[in-house]
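I opened this model to look up how some of its helices pack and where its pockets and cavities lie. My notes follow in the order I made them.

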Amino acid sequence: MEDVYGIKYSKPEVILMQDTGIGVAEAAARTCYDSFENSENEAIKYIEKNMPDSATCKKINDIEESNLLNDLAWTHFHHSILEHANLSFLIRGTSRGVLQEHARHRIQAISVRSTRYTMSSVINAFVASQATNNRDFFISKVLGFDMLVTCDEEYNKIEIGAMYDKLKYQSKTVESFNEIAVAKSSFSLLNEFTGDSQALFDALENGKKKRNVGDAFKHIVTDNFKVDMVVTFNLRSLKNYFTLRDSGAAYFQIRWLAQEMMKKTPSKYLDLIIKKG
């Protein structure tokens with residue numbers, strides 16, 4: 001948690017899920033220069049005159065250092081070779097505000113937790129709150145979801161209260177709010193649990209989820225919503241990401257994300273993209 005401009009924020013969690021190694025990048029570079037025999041790695045030397053079998057490929061993928069790649073990266077700035085190395089990160093608990101900036105890095109694969117499919121609990125909490133016309137029920141329930149990057153409870157009550165007010169407004173302007181909020185198979189629950197918000201919420205949670213429920217309610221999503229995603233960068237693109245986002249000029253939340261990603265990036269990659277000293 002960190003206090004920035006008077007607001008407390010949680011920081012994202014990051015884990016490196018997979019990485020392809022730097023060996024293929026060296027093999028690619030050696031192919032350009034036809035210089036396999038100059039490698040300090042025996043597996044690279046071997047493929048000068050032989051097609052690699054699975055055991056050799058494993059040795060290539062396990063390479064930890066490459067003098068050629070270091071020379072290309074820092075003497076000749078031949079960074080296209082780095083595109084042969086890829087890293088995939090699981091990111092949890094960054095924000096929608098960060099996502100808008102993160103997505104500007106176009107050379108990546110990115111899969112994000114969708115608000116279209118994952119908002120049902122929030123909408124169920126609102127529908128249940130209407131059984132007793134209880135705004136506090138909604139706020140308390142959504143607070144428990146831990147879905148905001150802001151950490152101060154009083155601030156989050158304001159944020160969630162605004163979500164309630166938007167939904168309340170929508171419930172008065174749309175012809176049949178429950179039809180866009182609840183699966184048809186759960187309509188009977190609305191009458192069965194009249195006057196009991198908690199029981200209705202539990203029943204809705206255990207029932208069938210409304211398909212694409214977020215389509216009608218994405219307007220309540222704020223930049224403080226937490227976001228989970230899996231991203232895959234090639235090493236050249238990751239270099240660009242770290243250069244721009246681990247910078248004092250970067251938005252502080254995306255800087256936190258870049259720093260966490262950097263912490264989880266093995267040194268054999270960092271040595272090729274982050275200048276020492």
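**Pockets, cavity and helix contacts**

I began with the lining of the largest pocket, whose residues divide into six nonpolar, four polar and five charged. I keep in mind that this is a predicted model. The volume of this largest pocket comes to about 300 Å³. I counted 15 lining residues, and Arg113, Thr118, Met147, Phe225 and Lys226 are the closest to the pocket centre.

Next I asked which elements each supply at least two residues of that lining. They are α6 and β6, the latter covering 226-234. I noted that β6 gives the most, with three residues.

**Second pocket**

I moved to the second largest pocket. I read a volume of about 250 Å³ for it. I found 14 residues in its lining, and Glu65, Asn70, Asp271, Leu272 and Lys276 lie nearest the centre. By class I have four nonpolar, four polar and six charged residues there.

I then looked up the elements behind this lining. Both α4 and α14 (267-273) supply at least two residues each. The largest share is from α14, which brings four residues.

**Cavity**

How many cavities of 30 Å³ or more does a search of the whole structure find? I got one. The largest cavity holds about 70 Å³ of space.

I wrote down its lining in sequence order. Ser120, Asn124, Ala181, Val182, Ala183 and Ser186 are among the residues that line the largest cavity. Leu204, Lys208, Lys209, Lys210 and Val213 also belong to this lining. I sorted the cavity lining by class and have five nonpolar, three polar and three charged residues.

**α6 against α8**

I turned to helix packing. Two packed helices are described by the angle between their axes and by the distance between those axes, so I looked up both values for each pair.

Helix α6 spans residues 120-129, and helix α8 spans residues 153-173. I read an angle of about 65° for this pair, with the axes 11 Å apart. That is why I call α6 roughly perpendicular to α8. I logged the crossing of α6 past α8 as right-handed.

Which residues meet here? From α6 I listed Val122, Ile123, Phe126 and Ser129. From α8 I listed Met163, Tyr164, Leu167, Lys168 and Ser171. I sorted the residues of this contact into six nonpolar, two polar and one charged.

**α6 against α7**

I stayed with α6 and checked its packing with helix α7, residues 135-143. I have an angle of about 155° and axes 8 Å apart. The two helices, α6 and α7, are therefore roughly antiparallel to each other. I entered this crossing of α6 and α7 as right-handed too.

In α6, I found Val122, Ala125, Phe126, Ala128 and Ser129 in the contact. They meet Phe137, Phe138, Lys141 and Val142 in α7. I sorted the residues of the α6 and α7 contact into seven nonpolar, one polar and one charged.

I checked three α6 residues against both of my contact lists. Val122, Phe126 and Ser129 appear in the contact with α8, and Val122, Phe126 and Ser129 also appear in the contact with α7.

**α1 against α4**

My last pair was helix α1, residues 23-33, and helix α4, residues 67-76. What angle do they pack at? I have about 75°, with the axes 9 Å apart. That makes α1 roughly perpendicular to α4.

I wrote down Ala25, Glu26, Ala29, Arg30 and Tyr33 for the α1 side. For the α4 side I have Leu68, Leu69 and Leu72. By class, I find six nonpolar, no polar and two charged residues in the α1 and α4 contact. I had already met α4 as a supplier of residues to the lining of the second largest pocket.

Definitions and conventions
Residues numbered from 1 in each chain as written. Predicted model: local features only at pLDDT ≥ 70, side-chain atom pairs only at ≥ 80, totals over all residues. Heavy atoms only, no water. Axes fitted to C-alpha atoms, helices over the stretch in contact; angles between N-to-C directions. Parallel < 35°, antiparallel > 145°, perpendicular 65-115°, else oblique. Left-handed = near helix turned anticlockwise from the far one by under 90°. Contact = heavy atoms within 4.5 Å. Nonpolar A, V, L, I, M, F, W, Y, C, P; charged D, E, K, R; others polar. 1 Å grid on protein atoms, 1.4 Å probe; cavity = no way out; pocket = protein on both sides within 12 Å on 5 of 7 lines; lining within 4 Å. Points joined across faces, edges and corners; volume = space filled by probe spheres on them.
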